[in-house]
Amino acid sequence: MTNTFPDTSLSTERLVLRPLEDEDIPALTEMMNDEQVVAWTPVPQPFTEDTARAWVRRYAPAERTSGRGLDLAVTEFLTQRLVGIVQLGKTNWHVRSTELSYIVAPWARGEGYASEAALATVQWLFGDRKFERVELRTAADNTASQQVAQKIGCISEGVLRNACIARTRTEDGSWVALRTDFIVWGLLPEDIEGIAEQLADTGGFTSYSDWN
C-alpha cells in the first residue's frame, strides 16, 4: 500500500495551514504572478486562473494521494487571508524524507510567516509523521529563502552547481532563464530542538501550537 500524507490542517497562533480550496484561486493567481515568485520558482507564466484551478483541483490532490507530496495553503488565522503556500515533494517513504519549499505572497512579506509555516510543517513531520530528514534547496542568490532555512535550524550541506534555473527581467520587460547554483540544506529532528522558543524570544514569531 502506498504511503500518503493525511488530508490535514496545521495551526499556529497566527496561521492555519490547510488544503487548497477553490476560494483561494484568485489570490493564488495574483501571488504566482508576483515578480519575486516568477524569478525564483518554476511556476508557468503567465499564471492564469485556469492554471490555479488545475493546481487546486487536480495537481495538489494527486500529489497527496500518490504519496509524492503535500500542498498546503498558508492563511492568517484572524482574517483567513491567503498569505502563502507550503509544499512537500520528492517524498521517500522508505528513507522517511521529503523536500520542503515555500512561497509568501507580496502582501504578507516581512511578517515572519515563511519561517513560522515552515517550522510548523517540519515539527509535524518529525513529531507526528516520524520523518527523519527534511531537505530544502534555495537558489544561490535567493537570500530571503536562505534566511528562512537558517531560522528554522537547517544546516547548509553543499552546493549543486548549475542545477537551478531562475528567471530575470530583460530591458524590454520580458523574462529570460538564468542558470545558477542550488544550495542544499538539511534538517534532522535534533536540529529543531529549541528553535521555536528562540524565535519567539527574539520576536521572530510565536511558537507552534497544534495540528489536527
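A pocket is here an open set of grid points with protein on both sides within 12 Å along at least five of seven lines, and its lining residues have an atom within 4 Å of a point. The exercises below concern a predicted model.

**Exercise 1.** Determine which residues line the second largest pocket, and which element supplies the largest share of its lining.

*Solution.* Begin with the space itself, which has a volume of about 180 Å³. Next, list the lining, which consists of Pro-6, Asp-7, Thr-8, Pro-19, Leu-20, Val-56, Ala-60, Pro-61, Arg-64, Leu-70, Asp-71 and Leu-72. Then assign these residues to elements: α3 and β3 (70-76) each supply at least two of them, and the largest share, four residues, comes from α3. Sorted by class, the lining divides into eight nonpolar, one polar and three charged residues.

**Exercise 2.** Describe the largest pocket by its volume, the residues closest to its centre, and the classes of residue in its lining.

*Solution.* The volume comes to about 1,400 Å³. Of the 46 residues in the lining, Trp-40, Thr-41, Ser-101, Tyr-102 and Ile-103 are the closest to the centre of this pocket. Helices and strands both take part, since at least two lining residues come from each of α2 (35-40), α3 (49-66), β4 (82-92), β5 (97-104), α4 (113-127), β6 (133-139), α5 (143-151) and β7 (155-169). By class, the lining of the largest pocket holds 24 nonpolar, 14 polar and eight charged residues.

**Exercise 3.** Establish how many cavities of 30 Å³ or more the structure holds, and what lines the largest cavity.

*Solution.* There is one cavity of 30 Å³ or more, and the largest cavity contains about 40 Å³ of space. Its lining is made up of Val-74, Val-83, Gly-84, Ile-85, Val-86, Tyr-102, Ile-103, Val-104, Tyr-113, Ala-114 and Ala-117. While β4, β5 and α4 each provide at least two of these residues, β4 gives the most, with four. The division by class is ten nonpolar, one polar and no charged.

**Exercise 4.** Explain why the buried residues of α5 lie on the same side of the helix, and identify elements that cover them.

*Solution.* With burial taken as under 20% relative accessible area, the buried residues in α5 are Ser-145, Gln-146, Val-148 and Ala-149. Around the axis they cover an arc of only 155°, and therefore they fall on the same side of α5. In general, an α-helix has 3.6 residues a turn, so residues three or four places apart point the same way. The cover over the buried residues of α5 includes β5, α4, β6 and β8 (175-187). Finally, just after α5, Gly-153 adopts a positive phi of about 100°.

Methods:
Residues are numbered from 1 along each chain as its sequence is written. This is a predicted model: local features need pLDDT of at least 70, side-chain atom pairs count only at pLDDT 80 or more; totals for chains, interfaces and linings use all residues. Side-chain values use heavy atoms; hydrogens and water are left out. On a 1 Å grid over the protein atoms alone, a cavity is a set of points where a 1.4 Å probe fits but cannot get out, and a pocket is an open set with protein on both sides within 12 Å along at least five of seven lines; lining residues have an atom within 4 Å of a point. Grid points are joined across faces, edges and corners, and a volume is the space filled by probe spheres set on the points. Ala, Val, Leu, Ile, Met, Phe, Trp, Tyr, Cys and Pro count as nonpolar, Asp, Glu, Lys and Arg as charged, and the others, Gly among them, as polar. Buried means under 20% relative accessible area, exposed over 50%, partly exposed in between (1.4 Å probe, protein chains only). The arc is that of the directions from the helix axis to the C-beta atoms. Contact means heavy atoms within 4.5 Å.
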